Amino acid sequence: MKEKRKSTPVALIAFVLTLFVVFVVAAFILLGKADTNAGLRARNLSYNDGWTLVQNGQSIGSVNLTTKITTEPSGITSLKKDLPSSISSGDAIAVRNYHQLLHIKVGGNIIYAYPNLGWTGVGNIISDEWIVVNLKPEYAGQTLELSFTNTSIFKVSFNISDIYYGADNDVIQQIRKLTLLPFIWGLIVLIFGLLLLIMSWVYGRPTDQRPNTAMGAALLCFGVWLVNRAMLPVLSRFSGALYLFAVIALLFVAPCIFLYAYYRNKEHRKLTFRCYQFAIAADVFIILSCIVVRYNPNVIAILCYVLSGFGILLNGILLFRSAFGPKANLLTRTERALNITEFFANIILPVIVIAESIIFRERMWTELSMFFRTGLLIYAFIYMMFVSWRNLLAFSDRVNVTNRLKENQMKLMLDQIQPHFLFNTLSAIRILIKMEPDAAYDAMYDFSKYLRANIDNVNNIDGIDFASEVDHIKSYVNIEKLRFGDRVNAEYDIQCDDFFVPPLAIQGLVENAIQHGILAKMRGGTIWLRSYETDDYDIVEVEDDGIGFNRETAAGVFSAYANDDDKAGMESNKLIHAAMSEVMENLNLTDASGSPIVLTGSAKNTDLAEENLATGLMNIFLRLREMCGAKFEIASTEGEGTLIRVLIPKN
């Protein structure tokens, strides 16, 4: 019976926050609040009224700031105004340049040039920042001219914002008040991205953190961009280099979002990977073309915003499918709640992008509003919250996996020293004591070594070197030869043994080969244990010439786990399904006539021997996969034998 789905606090919080953001957006649109930053600007130092606008040498007329300017490529726009009749020592004027070549003139003479008079361009990209220039008393009454030159190959529209005039310390403090909050908001987003990367590194071994790594990189890059766009005066000394770094960071936001969608969604991976490739290609083209083409940085920002917006939209569609699609019912309640939470959090980003384009259309692309920064901060906070919850659950579940590995190891050890095994072995040694004392001495030595190895490795989940495992296997095989005589034969070809394996794992494969393979034949058979290496793997092979897998046994052993998705979603279930799915992908079974054995359905064989065989093999595969990342290849022919190949990565 399917368990009843229940809402969870985190999903509910995400939904409420999403509604809140939508409500705020609607309120801004209805009330017509066209500029949230204007509320942050104190007007006591403003120097905005009575400017004369001149474009390409022609006077346009008198304007008050803020005003929108449109310039042709290489076009020059000037603002002129007479300075006060008295200027105190220490007075200054502050203006923002908006990616233009800026010349500040007094009485027709250049007193300041940005970047500088001999500038040729760093990657042909000009930063924008607040420029503070001190004025001399002798400038009193002369005409102040601010000249902006468009260096782009495109027509550019931008807003000339407030200009401040007053004592230099007061002007600088005013700009700091204006830029501090945006700087802090961007810094928090940057910190969230950094924390995600740290969490990905910490949890990277026990869980799949690739989606969080990609999202952490996206938030980190966006945080770098937002911090730079705040234009805090303290950073102005290195403005050119920092801005170039911020542009590069912004370019990588879109690829990171597509990479996140690629790792987060198992379906549609081809589409998301193609989008990732396109975003990377666009970034490379922009970076290389900046060497020879004079871009206005707003063009780059537009491309990055559009690509990022498309990535967010695509990711939202895929998250909706995972949260509410036809396969959502296969997930556990917790896993589905996490997907719903992430979907509602993702809605916030398209909402604020749409709001940005509607509310701030007059200065679109030239300045990021506090509304956009706040929305991005809310998304980062919700994402951090649900990722922390997901990692906590995954870590807790991984503890259960570790305990399960220990239990499997304990069960394997107990299965090997069951009373009938002990009694039969001791009885065989007792007989040898009278008939062949030397052979009895060797058998008792093998038996004691075998028992000691089992007991020593009960709580060992760190692995042992393969040489020790081979030594333990030889002791076990010798005991079986003592019990079954010539029905059990073994050959060894050990070419490498300096790698680690889970204790009792390869020995468990050897035991299965003996118990369910060669001893199932009246005359017995031979088991081969081999090891060798390639450039990438240490390889162990366990082969026997026993009865092999017939159709019924194969169905009971392998199909039991092939399509069992009732509890898909939690980490421990994912691990089991991943291990068995990998085995199924590299399974080559043939019947006595040489025809392939096709496994269909998920019917579980009720025969006790086959059920124990299935559980034992699954536990061994899981331990090998989890403890050393092993891959598996299995080939079996009915009536002829079985080969199990274990490939252990060298890294």
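**Entry 1: a three-stranded sheet**

I started with strand β5 (residues 91-96) and looked up its pairing with β8: five bridges join the two, and they run antiparallel. The model I am reading is a predicted one. To pin down the register, I picked A94 and found that its bridge partner in β8 is V132.

A reminder to myself: strands of a sheet pair through backbone hydrogen bonds, either parallel or antiparallel.

Next I asked which strands make up this sheet, and in what order. I found an open sheet of three strands, β8-β5-β11, with antiparallel pairing. β8 (130-134) and β11 (164-167) stand at the edges with a single partner strand each, so one side of each has no neighbour in the sheet. On average, neighbouring strands here are turned by 25° against each other, direction ignored. I then noted that helix α2 (residues 168-203) packs on this sheet and touches β5, β8 and β11. The direction of α2 makes about 130° with that of β11.

**Entry 2: α3, α5 and α6**

I moved on to helices, beginning with α3 (residues 210-229) and α5 (residues 253-264). They pack at an angle of about 165°, and their axes are 8 Å apart. That angle makes α3 roughly antiparallel to α5, since angles over 145 degrees count that way. I also wrote down that α3 passes α5 in a left-handed crossing.

Which residues of α3 and α5 meet? On the α3 side I listed R210, P211, A214, M215, A217, A218, C221 and F222. They meet V253, C256, I257, L259, Y260, Y263 and R264 in α5. Sorted by class, this contact has 13 nonpolar residues, no polar ones and two charged ones.

Then I followed α5 to its contact with helix α6 (residues 269-289). Their axes come within 8 Å and cross at roughly 165°. α5 and α6 are therefore roughly antiparallel to each other, and α5 passes α6 in a left-handed crossing. From α5, the contact uses A254, P255, F258, L259, A261, Y262 and Y263. From α6, I noted R269, T272, F273, C275, Y276, A279, I280 and D283. The class count for α5 with α6 is twelve nonpolar, one polar and two charged residues. I marked L259 and Y263 in my list, as they appear in the contact of α5 with α3 and also in its contact with α6.

**Entry 3: a six-stranded sheet**

How many strands form the sheet that contains β13, and in what order? I counted six in an open sheet, running β13-β15-β16-β19-β18-β17, with mixed pairing. Why do β13 (488-494) and β17 (587-590) each have one side without a neighbour in the sheet? Both stand at the edges with a single partner strand, so that side is left open. The twist averages 10° from one strand to the next.

I wanted to see the mixed pairing for myself. β13 and strand β15 (residues 525-533) pair in the parallel sense over seven bridges. In that pair, V488 stands opposite G525, and Y492 stands opposite L529. β15 and β16, in contrast, run antiparallel, joined by seven bridges. There I found I527 opposite D544 in β16. A hairpin of three residues joins β15 to β16.

**Entry 4: the helices on that sheet**

Helix α12 (residues 466-484) lies across β13, β15 and β16 (537-544), and runs at about 165° to β13. Helix α13 (residues 505-518) lies across β13, β15, β16 and β19 (641-649), at about 20° to β16.

I then checked how α12 and α13 sit against each other. Their packing angle is about 25°, with axes 9 Å apart. That makes α12 roughly parallel to α13, and α12 passes α13 in a right-handed crossing. F466, E469, H472, I473, Y476, V477 and E480 of α12 make the contact with A505, I506, Q507, V510, E511, I514 and Q515 of α13. By class, I noted eight nonpolar, three polar and three charged residues in this contact.

**Entry 5: a salt bridge in α12**

How many salt bridges does the structure hold? I found six. One that I looked up joins R483 to E480, with the closest N and O atoms 2.9 Å apart. Both residues lie in helix α12, three residues apart, which is about one turn of the helix. E480 had already turned up in my notes as part of the contact of α12 with α13.

Methods:
Residues are numbered from 1 along each chain as its sequence is written. This is a predicted model: local features need pLDDT of at least 70, side-chain atom pairs count only at pLDDT 80 or more; totals for chains, interfaces and linings use all residues. Side-chain values use heavy atoms; hydrogens and water are left out. Axes are lines fitted to C-alpha atoms, for helices over the stretch in contact, and angles run from 0 to 180 degrees between N-to-C directions. Helices (H or I, at least four residues) and strands (E, at least two) are DSSP runs, numbered from the N terminus. Angles under 35 degrees count as roughly parallel, over 145 as roughly antiparallel, 65 to 115 as roughly perpendicular and the rest as oblique. A crossing is left-handed if the near helix is turned anticlockwise from the far one by less than a right angle, and right-handed if clockwise. Contact means heavy atoms within 4.5 Å. Ala, Val, Leu, Ile, Met, Phe, Trp, Tyr, Cys and Pro count as nonpolar, Asp, Glu, Lys and Arg as charged, and the others, Gly among them, as polar. Two strands pair if DSSP finds at least two bridges between them. A salt bridge is a side-chain nitrogen of Lys or Arg within 4 Å of a carboxyl oxygen of Asp or Glu.
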